[in-house]
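I opened the model to look up a few parts of the chain. My notes follow in the order I took them.

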Amino acid sequence: MARPRVLVTGFGPFPGVAENPSAWLAETLAAEPPNLDAEFHARVVPTAWHAALLMPQLYDSLQPHVMIHFGVSQRARSFRIERFAHNRAALRRDAEGALPSRPVIEPEGPARFATDLPAADLAAHLDTYGLPAVASRSAGSYLCNYLYYHSLDWAGRQSDPRVALFIHIPPLAGQRGSIGKTDLLRGAHEIVRFVAAYAGTRAPLTTPTGPAFARSDVVASAKDA
């Protein structure tokens, strides 16, 4: 089987979250990638409306088979596997102080997109490793949801199957039930392996030309993001 191209992202800081653990996770995954035969890429995305809007340009260039996005949620106490991205954008300032241009993402777009990946199966898989996880029906309405909507839209428009998934993680410090860094990284490795294996069952993959693992490229570097 040809190696899939895997893209993992995290977000940078934003109002109320000075240190975003999803950025740490993306950077650490680039330095300590999961053990699988894949071309691996990682990005830290600025928590800005314009940055998330431009991500499909990266997808066009990279052509990932798998896109796994991580973001922090103040309400999460486990890995929260998001099933849907909704066509809504909170009128909330980003890390640069900007607001979205409208309260919906795409005026003519569908009310929501759903990931093809079986979220409940992934949650059960993580549970077998002692990692708390739940399937969720809403990625919110801030930049997590905004990025996810564009990723699912892009994935659905490709001629061959692509998999997009968003995972909310809890804050690392000062929160009861939070996941420590060791388990956070262990869970991320399992997520990447599970999603890559699922993508490999859907269609033959194009053999990439790059190295087995590509080092992270950082892109320019609130309650959910």
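The model is predicted. I began with what covers the buried residues of helix 1, and I found that the cover includes strand 1 (5–11), strand 2 (39–45), strand 3 (66–72), strand 8 (163–169) and helix 6 (181–200).

I then listed the buried residues themselves: Pro 21, Ser 22, Ala 23, Leu 25, Ala 26, Thr 28, Leu 29 and Ala 30. Helix 1 runs over residues 21–31, and eight of its 11 residues are buried, so the rest of the structure largely encloses it.

Next I turned to strand 3. I noted that seven of its seven residues are buried. Val 66, Ile 68, Phe 70 and Val 72 point one way from the strand, while Met 67, His 69 and Gly 71 point the other way.

Which strands pair with strand 3? I found strand 1, parallel to strand 3 over four bridges, and strand 8, also parallel to it, over seven bridges. For the first pair I wrote down Leu 7, which stands opposite Met 67 in strand 3. For the second I wrote down Gly 71, which stands opposite His 168 in strand 8.

I finished with Ser 73, in the loop between strand 3 and strand 4 (79–82). Is Ser 73 buried or exposed? Its relative accessibility is 0%, so I entered Ser 73 as buried, the cut-off being under 20%. The side chain of Ser 73 makes a polar contact of 3.3 Å with the side chain of Arg 80. I also checked Ser 73 against Pro 170: they are 97 residues apart in sequence, and their C-alpha atoms are 5.4 Å apart in space.

Terms used
Residues numbered from 1 in each chain as written. Predicted model: local features only at pLDDT ≥ 70, side-chain atom pairs only at ≥ 80, totals over all residues. Heavy atoms only, no water. Buried < 20%, exposed > 50% of the residue type's maximum accessible area, 1.4 Å probe, protein only. Helix = DSSP H or I, 4+ residues; strand = E, 2+ residues; numbered from the N terminus. Contact = heavy atoms within 4.5 Å. Polar contact = N/O pair within 3.5 Å; in protein donor to acceptor, adjacent residues only side chain to side chain. Pairing = 2+ DSSP bridges.
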